[in-house]
Amino acid sequence: MAIESSCDDSCVALLEKSPSDQQPKIIDQFKRTLHSADAGGIMPVAAYNYHMATVANMVKEFCTKHGISARTPPDLLCVTRGPGMAGSLSASTEFAKGLAVAWDVPLIGVHHMLGHLLTANLPKKEQPNSAPPQYPFLSLLCSGGHTMLVFLKSLTEHEILVNVSDIAVGDSLDKCARELGMYGNMLGKELEKYIDAIPADEKEEFRNIRVDTREANVFNFRANLPFGSPKYSNLEDIKFAFAHFLSNIQQYKTRYYTGGDTLDEKTKRFIAFKTQELVFDHIIDRINVAFKKHGISNRNSDGAVIGVKDFICSGGVAANRRLREKLLQDLKLEELAVDKVSFHFPDLSLCTDNAIMIGAAGIEIFEKLRLKTDLAFLPIRKWPLNNLLDVDGWVKVKDEEYNRICK
């Protein structure tokens with residue numbers, strides 16, 4: 001059983017895994033989300049109070065449904081240890097410690113981003129015949145809190161090839177949508193729905209209007225890709241940057257819509273369409289620069305991506321269909337020097353924060369590393385992914401306990 005509460009979602013899930021299975025089976029999940037649209041975003045204190053009021057009753061209801069008790073406990077408990085908001089994390093970590101004591105079962109404190117990275121190890125309704133990725137593989141993690149391209153050599157060896165320099169892509173899309181007057185709990189999703197509803201002929205019109213030149217266009221809207229200049233193509237440290245897209249919209253409104261005027265609908269549709277396209281073009285551009293740096297065309301390459309056959313896209317923004325299309329169409333996969341690359345996209349329900357991914361990652365840690373977490377552990381607000389094991393609290397599982405649970 002797994003519990004997740006790193007941000008504004010309270011989640012509990014149940015998975016089943018046998019030694020003969022490659023992938024765990026998903027039994028069930030409950031998920032309840034704080035409504036934060038009226039507050040203009042997630043407030044840490046409000047999220048903490050929400051989890052404190054929600055987690056215990058939700059888990060009690062879940063256990064009743066599945067017949068889980070002190071007499072019939074799960075074999076393993078998993079909980080998100082970090083990164084995330086400290087208050088939100090503590091609501092579930094302390095509750096999970098209590099369950100671990102009451103049920104006398106091992107507890108795994110899981111890295112939230114590792115959960116996202118390993119979603120490809122879960123069975124997929126949308127890709128039912130997709131085999132799990134084989135190490136080493138690449139993973140683009142794109143969410144409201146993180147945006148990075150990670151090279152996974154093994155379960156614990158992670159090299160971040162591209163990180164974000166300012167705000168994450170999901171945060172940027174949310175803020176751009178709010179600046180355009182949209183409302184909702186998941187504003188990036190609202191932006192995607194708004195763009196999807198634009199007629200095809202108008203999308204084609206917008207697609208043919210350039211905004212990256214000094215020449216004026218009919219909307220007087222200009223925007224460029226961050227780090228798009230050739231001088232940035234050979235940087236040692238490759239970065240994503242997404243604050244730029246919000247600034248474009250704010251500056252445009254300040255220049256052309258003063259005195260309380262609002263954007264006319266066609267201009268709003270154009271800016272929404274172009275902003276989403278440019279955000280995803282920037283992601284593609286930075287990944288292609290990383291491929292060139294670490295691929296076959298660079299004589300000084302470390303060869304990190306050469307031969308990699310699996311590419312995973314995970315996190316909340318991975319649910320965006322347009323991003324998936326662009327990854328399939330525009331990545332320069334020839335740099336990987338393989339005949340075929342398998343793309344792995346989680347089912348839409350597993351892109352946003354969930355307890356299923358926490359359970360799947362916890363199972364991997366217990367089975368393959370034979371580790372659990374000491375009950376004295378504390379939540380970790382910032383936990384670099386490439387320092388997965390470099391934190392206190394890991395305890396080696398004894399053979400007797402391991403065999404009782406895994407064999």
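**Exercise 1.** In this predicted model, determine in which sense strands β1 and β4 pair, and over how many bridges.

*Solution.* First, locate the strands: β1 covers residues 2–4 and β4 covers residues 77–82. Next, read their relation: the two pair in the parallel sense, over two bridges. Finally, identify a facing pair: Ala2 lies opposite Cys78 of β4.

**Exercise 2.** Establish the strand order of the open sheet and explain why one side of β3 and of β5 has no neighbour.

*Solution.* The open sheet is built from five strands, ordered β3-β2-β1-β4-β5, with mixed pairing. Strands β3 (25–33) and β5 (107–111) occupy the edges; each has a single partner strand, so one side of each is left without a neighbour in the sheet. From one strand to the next, the twist averages 25°.

**Exercise 3.** State which strands are touched by helix α1 and which by helix α2.

*Solution.* Take helix α1 (residues 44–66) to begin: it packs on the sheet and touches β1, β2 (9–16) and β3. The direction of α1 makes about 150° with that of β3. Then take helix α2 (residues 86–103), which packs on the sheet in contact with β1, β4 and β5. The direction of α2 makes about 150° with that of β4.

**Exercise 4.** Find the parts of the chain that are linked by the salt bridge between Glu367 and Lys17.

*Solution.* The side chains of Glu367 and Lys17 meet at 3.4 Å, N to O, within the 4 Å cut-off for a salt bridge. Glu367 belongs to helix α10 (residues 355–369), whereas Lys17 is in the loop between β2 and β3; the two are 350 residues apart. Lys17 has a relative accessible area of 24% and is partly exposed.

**Exercise 5.** Classify Lys266 and Glu205 as buried, partly exposed or exposed.

*Solution.* Lys266 and Glu205 form a salt bridge of 3.2 Å, N to O. The bridge connects helix α8 (residues 265–294), which holds Lys266, with helix α6 (residues 200–207), which holds Glu205, across 61 residues. The relative accessible area of Lys266 is 31%, hence partly exposed; Glu205, at 33%, is also partly exposed.

**Exercise 6.** Identify the network of salt bridges to which Glu277 belongs.

*Solution.* Begin with the salt bridge between Arg322 and Glu277, at 2.7 Å, N to O. Arg322 lies in helix α9 (residues 321–330) and Glu277 in helix α8, 45 residues apart. Glu277 is buried, because its relative accessible area of 10% is under 20%. Through shared partners, salt bridges join Glu277, Asp281, Arg322, Glu325, Lys326 and Asp330 into one network. The total count in the model is 25 salt bridges.

Terms used:
Residues numbered from 1 in each chain as written. Predicted model: local features only at pLDDT ≥ 70, side-chain atom pairs only at ≥ 80, totals over all residues. Heavy atoms only, no water. Pairing = 2+ DSSP bridges. Helix = DSSP H or I, 4+ residues; strand = E, 2+ residues; numbered from the N terminus. Axes fitted to C-alpha atoms, helices over the stretch in contact; angles between N-to-C directions. Contact = heavy atoms within 4.5 Å. Buried < 20%, exposed > 50% of the residue type's maximum accessible area, 1.4 Å probe, protein only.
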